[in-house]
Amino acid sequence: MIYTITFNPSLDYIMHVENFEYGETNRSNNEEIFPGGKGFNVSTILQRLGYDNTAIGFKAGFSGDEIVRMLEKRGFILDLISLDEGFSRINVKMKGSKETEVNGNGPNIPADKLVLLLNKIDQINNGDTLIMAGSIPSTLPNNIYEQIMIRLQGKDVRIIVDATNELLLKVLPYHPFLIKPNHRELEEIFDVSISNQKDLIHYASKLQDKGAINVLVSLGGDGAMLIDENKHVYHCEAAKGKLINSVGSGDSMVAGFLAGYLRNNDYKEAIRLGSACGGATAFSFDLAEKSLIDKVYESISVDIL
């Protein structure tokens with residue numbers, strides 16, 4: 001079974017405002033609401049690619065109920081713990097000539113509820129896959145990803161981590177199967193400016209030296225690069241299309257990479273399908289549908305460097 005974790009889900013309330021004026025009353029042209037959370041995004045793309053999976057996490061209040069209602073239509077299994085107080089966050093995203101976001105903080109997660117989640121983690125078995133993606137609420141310890149990986153030591157569990165900075169660096173000694181920094185995040189980790197392929201490979205390899213098995217770096221308009229466990233380097237060109245929405249593109253890449261790898265343990269296939277999923281979502285108003293993923297997949301190629 002494949003499991004994803006979303007610690008701090010949201011309702012993303014998107015307002016299209018042509019000329020936002022600070023300090024004034026603004027009116028939107030139209031609005032949209034989507035369930036948000038990196039783990040949920042990964043689960044959605046996996047399900048659309050034909051891979052059953054279970055989403056673990058927390059929900060709270062009326063907004064949590066709405067998140068569940070919307071996600072139940074997507075087909076994967078929801079195993080969310082209900083919090084007794086507060087409500088799942090609502091993120092407001094204003095889109096116009098510039099994009100402005102105000103993201104909620106999220107509910108308090110008490111210790112007894114965290115124990116319930118960790119008990120679910122303990123039920124993960126040999127041969128399963130766990131994907132931990134995104135930030136964590138301020139009420140949780142900042143080493144929670146590390147704690148989870150320690151609990152799974154000794155089991156043959158494939159773990160994928162899509163996180164940033166210290167949250168990511170703390171898990172590297174426990175050898176995650178895959179990490180996925182983007183170009184900017186790689187620069188932030190090492191406090192450098194990376195302007196060429198040689199340096200990109202060098203710093204991605206340093207994350208392998210710290211413990212990661214495979215390092216996938218998303219490069220935006222320059223595609224994606226993978227250094228696999230055998231030190232082979234792959235580059236996939238960027239998909240061509242009109243950028244509509246970048247939200248969820250990285251999560252889609254993670255899902256596609258895993259799905260591509262599970263087909264026949266082929267890393268070239270993994271980065272190609274991952275890039276196709278990321279591109280297809282970027283060309284969609286919401287997460288990509290399989291028909292578009294298939295179309296983008298046929299249009300891109302992978303080089304072995």
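Trainee: In this predicted model, what is the strand order of the open sheet of 10 strands?

Mentor: The sheet is open, and its pairing is mixed. Its edge strands, each of which pairs on one side only, are β5 (77-83) and β14 (302-304). Read from β5, the order is β5-β4-β1-β8-β9-β10-β11-β12-β13-β14.

Trainee: Which residue of β12 is the bridge partner of L216?

Mentor: Strand β11 covers residues 214-218 and strand β12 covers residues 224-227. The two strands run antiparallel and are joined by four bridges. In β12, the bridge partner of L216 is L226.

Trainee: At what angle to β1 does helix α1 run?

Mentor: Helix α1 comprises residues 38-48 and lies across β1 (2-6), β4 (53-60), β5, β8 (129-133) and β9 (158-162). Relative to β1, the helix runs at about 150 degrees.

Trainee: Are helices α6 and α7 roughly parallel or roughly perpendicular to each other?

Mentor: Helix α6 (residues 183-190) packs against helix α7 (residues 197-209) with the axes 11 Å apart. Their angle is about 65 degrees, and angles of 65 to 115 degrees count as roughly perpendicular. The crossing of α6 and α7 is left-handed. The two helices are therefore roughly perpendicular.

Trainee: How many nonpolar residues does the contact of α6 with α7 have?

Mentor: From α6, the residues H183, L186, I189 and F190 take part, meeting L200, Y203, A204, K206 and L207 of α7. By class, the contact has one polar and one charged residue, and the number of nonpolar residues is seven.

Notes. Residues numbered from 1 in each chain as written. Predicted model: local features only at pLDDT ≥ 70, side-chain atom pairs only at ≥ 80, totals over all residues. Heavy atoms only, no water. Pairing = 2+ DSSP bridges. Contact = heavy atoms within 4.5 Å. Axes fitted to C-alpha atoms, helices over the stretch in contact; angles between N-to-C directions. Parallel < 35°, antiparallel > 145°, perpendicular 65-115°, else oblique. Left-handed = near helix turned anticlockwise from the far one by under 90°. Nonpolar A, V, L, I, M, F, W, Y, C, P; charged D, E, K, R; others polar.
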